[in-house]
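I opened this notebook to keep track of what I looked up in one structure, going from the whole chain to the packing of its helices.

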Amino acid sequence: MEIEELIADGWRRHDDDPQSVHDGLAQSVMRVSDEAQLRAFSRLLTHVHAEHLDNREAGISVLEQLRVRFEDEARAAYRPATTSIAILRFLDGDSKALTHLTGEERAGALATAASARAWHGQLDQALAAYERACEEGSEGLPAGGS
């Protein structure tokens with residue numbers, strides 16, 4: 001199965017079996033080979049851990065493997081793993097987790113956090129994150145952002 005197929009299958013199955021989706025992604029880290037795959041992989045893994053599994057550290061561990069492989073000063077476009085790690089840490093209560101992100105990254109991260117908070121019924125926190133996302137993203141978000 002190609003990595004794109006694995007990700008598409010993960011999106012189809014994540015509601016019913018988020019742990020096996022995590023497991024499949026964790027076993028496939030080395031198959032991610034370009035920015036588009038990295039972005040799609042990070043988005044699915046973040047969603048699974050932000051909304052469906054309570055073990056955010058397991059998600060962060062997988063994302064750290066991606067970050068180490070792809071992200072350095074010369075490859076700024078390969079930042080989805082860093083952004084996803086920040087989202088999961090923010091959801092776990094680290095109020096400073098988003099400070100190292102760019103404004104666009106922070107806006108996307110806050111929007112993702114707002115969705116996760118709403119999913120868990122934390123509506124006050126969801127609204128606060130959404131309002132911050134709107135402030136951060138007042139100049140617009142890049143196409144395909146988190």
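I began with the secondary structure and found seven helices and zero strands in the protein chain, so that, read along the sequence, the pattern is α-α-α-α-α-α-α. I note here that the model is a predicted one, and I read the entries below with that in mind.

Next I looked up totals for the chain. Of its 146 residues, 45% count as buried, and the accessible surface comes to about 7,700 Å², with 49% of that surface belonging to carbon and sulfur atoms. I also checked how contacts are spread along the sequence: among those between residues at least 6 apart, 58% join residues at least 24 apart.

I then turned to pairs of packed helices, beginning at the N terminus. How do helix 1 and helix 2 lie relative to each other? The axes of helix 1 (residues 3-13) and helix 2 (residues 18-26) come within 9 Å and cross at roughly 165°; angles over 145 degrees count as roughly antiparallel, and the two helices are therefore roughly antiparallel to each other. Their crossing is left-handed. From helix 1 the contact takes in Leu6, Ile7, Gly10 and Arg13, and from helix 2 it takes in Pro18, Ser20, Val21, Gly24 and Leu25. Sorted by class, this contact of helix 1 with helix 2 has five nonpolar, three polar and one charged residues.

I followed Pro18 further, a residue placed in helix 2. Is Pro18 buried or exposed? Its relative accessibility is 14%, and because buried means under 20%, Pro18 counts as buried. Leaving aside residues up to four places away in sequence, I find that Pro18 touches Arg13, Val48, His52 and Leu53. For one of these partners, His52, I looked up the backbone separation: Pro18 and His52 are 34 residues apart along the chain, and their C-alpha atoms are separated by 6.4 Å.

My next entry concerns helix 3 (residues 35-52) and helix 4 (residues 56-70), whose axes come within 9 Å and cross at roughly 165°. This pair is therefore roughly antiparallel, and the crossing of helix 3 and helix 4 is left-handed. On the helix 3 side the contact is made by Leu38, Phe41, Ser42, Leu45, Thr46, His49 and Ala50, and on the helix 4 side by Arg56, Ala58, Gly59, Val62, Leu63, Leu66 and Phe70. I recorded the classes as well: the residues of this contact divide into nine nonpolar, four polar and one charged.

From this contact I picked out Leu38, which lies in helix 3. Leu38 has a relative accessible area of 0% and is buried. In space, Leu38 and Leu66 are 7.7 Å apart from C-alpha to C-alpha, with their positions 28 residues apart in sequence, counted as the distance apart.

The last pair I looked up was helix 5 (residues 80-91) and helix 6 (residues 103-119), which pack at an angle of about 45° with their axes 10 Å apart. That angle makes helix 5 oblique to helix 6, and helix 5 passes helix 6 in a right-handed crossing. Here Thr83, Ile87, Phe90 and Leu91 in helix 5 meet Glu105, Ala109, Leu110, Thr112, Ala113, Ala116 and Arg117 in helix 6. By class, I noted seven nonpolar, two polar and two charged residues in the contact of helix 5 with helix 6.

Note on methods: Residues numbered from 1 in each chain as written. Predicted model: local features only at pLDDT ≥ 70, side-chain atom pairs only at ≥ 80, totals over all residues. Heavy atoms only, no water. Axes fitted to C-alpha atoms, helices over the stretch in contact; angles between N-to-C directions. Helix = DSSP H or I, 4+ residues; strand = E, 2+ residues; numbered from the N terminus. Parallel < 35°, antiparallel > 145°, perpendicular 65-115°, else oblique. Left-handed = near helix turned anticlockwise from the far one by under 90°. Contact = heavy atoms within 4.5 Å. Nonpolar A, V, L, I, M, F, W, Y, C, P; charged D, E, K, R; others polar. Buried < 20%, exposed > 50% of the residue type's maximum accessible area, 1.4 Å probe, protein only. Areas by Shrake-Rupley, 256 points an atom, 1.4 Å probe, with all protein chains shown as cover.
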